[in-house]
Amino acid sequence: MTSEILSPTAPDGDWSGSMIDYNVRAERMGWLPSAPQLKQNPLTIAARAKEAGLDAKAYVAKALRSGELAMSCHDPDDPANWPRNMFVWRSNLLGSSGKGHEYFLKHLLGTSNGVLGKDLGVEGGEKPREVTWHERAPEGKLDLLVTLDFRMSTTCVYSDIVLPTATWYEKNDMNTSDMHPFIHPLTAAVDPAWESRTDWDIYKGLAKTFSAVCPEVLGRETDVVLTPVQHDTPGELAQPYGVSDWKRDGSEAVPGRTMPAVTVVARDYPNLHAMFTAIGPLLKTLGNGGKGISWNTAHEVEFLAALNGEVRAGAAAGQPRLETDIDAIEAILSLAPETNGEVAVKAWEALGQMTGLDHSHLARAKEDEKIRFRDIVAQPRKIISSPTWSGIESEKVCYNAGYTNVHELIPWRTLTGRQQLYQDHLWMRAFGEALVTWRPPVDTKATARLRGKHENGNPEIVLNFVTPHQKWGIHSTYTDNLLMLTLSRGGPCIWISEADAGQVGIADNDWVEAYNTNGALVARAVVSQRVNPGMVMMYHAQEKIVNMPGSEVTGLRGGIHNSVTRAVLKPTHMIGGYAQQSYGLNYYGTVGSNRDEFIIVRRMDRVDWLDGTAVTRQTARRREAVS
């Protein structure tokens, strides 16, 4: 409960509830996104609003207050609010990303899982106040899980459909990031193997088939979408002086201010493929932009029409084509300030209109530079300085964050316009984080109920479990590559200090088991003087599909590094409508304390490969000695 982390100096008010209660309040006030958003079909709401003689914004606000509409987050276990279809692209959602792997298996997929804890009802714990409680939690919410991947990841193993895609040298693509100064190409040296296709062709094919079959049930629809108040928009100052929860304090529900913004979107489902393979008209009318600034892109759209050709007929007639992967790449390169000097100058000028200063000199020398795909194939090209980043690319200055804020006098994107240390938001003050402070690890109560409950004759030790970034792989891509496996123990391993290992009789390369209420994992022990006593490390993104015996605790095959984790969301990371503490996709949102957990560790007594060849530790030792 939040009472355990509440500051003794918290402002007066009702700070009761559980973590999920605060999550629901944040979604209700428009601070965080949610999906599904509403229990009712959003394609029917515009018609309801018209019947009531209201526009969509007014109708949704009124209907939420009256109870005619309900947000899904208030009852996530109601079948009407379940996510039914999930497409996973270029992500190992159930492996490296799924903090709470066993809960995903149990509740999302409804399959074999290693969850060892009981729910609050069984344990007699305090139940959430904002969320409808169901005595039996649902198991298996998804109807369909589709994964696009070129390797058999953990997510692929559990998917209904795996779409085999092209690897690095079988497709045209490019990559970069705000920490890499060059644009790097990928080019197709050979065709995709067997039945594989490129990411672009797979999704283009799905769009084409969907467009053909959808008219049976979907045509041109009017969708009503709820979105959080966004950072770098006027909405980020929706609640600068306090917290206004319309459901709890009786204040008015105002879209984009005290509740999510409401937008009416036209969906042309039968023409999905036509729109997928063309640039949309809004780039020419509204322009392009990011992080609160925008600029005109009519010239770039005209150039792409000449470069890629125009669509001749149909819903996208007259628009630049995006028929091939290279067409899409050229569109990105032409529209981005980082790869088009003319666009970079326009972007800096747009920022100057807000700051009152001239920043265009940062890109003026490269105004005529326009990087094409064939240019980066011939040689990776350095990016052009862009206002969407806070550093610059220069022969004299290395890229470093905050450079333009200091030297160009561009305000930081905060409430004060400065580097801000004191956060006076009500929730920050309530949980003692108004100023930067050290906090001890949170007691997630993940081990106490299991101490001594699954004994195997070997002593146990409770240690702090952390999962630093990959050591023997690149994200989730190369861990199970045979060459990479030769650099590690050839499978899952967990690092433990010499002092802790000696205390419970663990020797280097022993099979050990780590478990808590969230689940269990099996791994080889790496006993090292480089690990501090009191903690264990397991480098993340270690799959459970290579060299993985069964777990003594669960009776299932091993586990994964996320089998013992569970995302516990902090109220202080749910804040919105408050300048820099407002939601932005991939920038700011809930952060789970998933790299700070406690586990019970002990040496395994029986190594069972679940193939009828189970052996005791002593027998395994003798076999290894002989081999």
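Phe-182 has Lys-382, in β10, as its bridge partner. That pair is a handy way into this predicted model, so to speak, and the notes below go from the sheet around it to a buried glutamate and then to a helix.

**The sheet**
- Phe-182 pairs with Lys-382 across to β10, and β5 (residues 180-186) is joined to β10 by two bridges, with the strands running antiparallel.
- Taken as a whole, the open sheet has three strands, ordered β4-β5-β10, with antiparallel pairing.
- Its edges are β4 and β10 (381-382), each of which pairs on one side only.
- As a general reminder, strands in a sheet pair through backbone hydrogen bonds, and they can be parallel or antiparallel.

**Glu-170**
- Look for Glu-170 in the loop that links β3 (161-164) and β4 (173-177).
- What is the nearest side chain of opposite charge to Glu-170? That would be Lys-171, 8.4 Å away; Glu-170 is buried but has no salt bridge.
- Leaving aside residues up to four places away in sequence, Glu-170 touches Thr-187, Ala-188, Val-190, Asp-191, Pro-192, Ala-193 and Thr-198.

**Helix α5**
- Which residues of α5 (residues 101-109) are buried? They are His-101, Glu-102, Tyr-103, Leu-105, Leu-108 and Leu-109.
- Those buried residues pack against two helices and three strands by name: α4 (93-97), α7 (154-158), β1 (85-89), β2 (144-149) and β14 (519-528).
- Right after α5 comes Gly-110, with a positive phi of about 70 degrees.

Methods. Residues numbered from 1 in each chain as written. Predicted model: local features only at pLDDT ≥ 70, side-chain atom pairs only at ≥ 80, totals over all residues. Heavy atoms only, no water. Helix = DSSP H or I, 4+ residues; strand = E, 2+ residues; numbered from the N terminus. Buried < 20%, exposed > 50% of the residue type's maximum accessible area, 1.4 Å probe, protein only. Lys, Arg positive; Asp, Glu negative; His and termini not counted. Salt bridge = Lys/Arg side-chain N within 4 Å of Asp/Glu carboxyl O. Contact = heavy atoms within 4.5 Å. Pairing = 2+ DSSP bridges.
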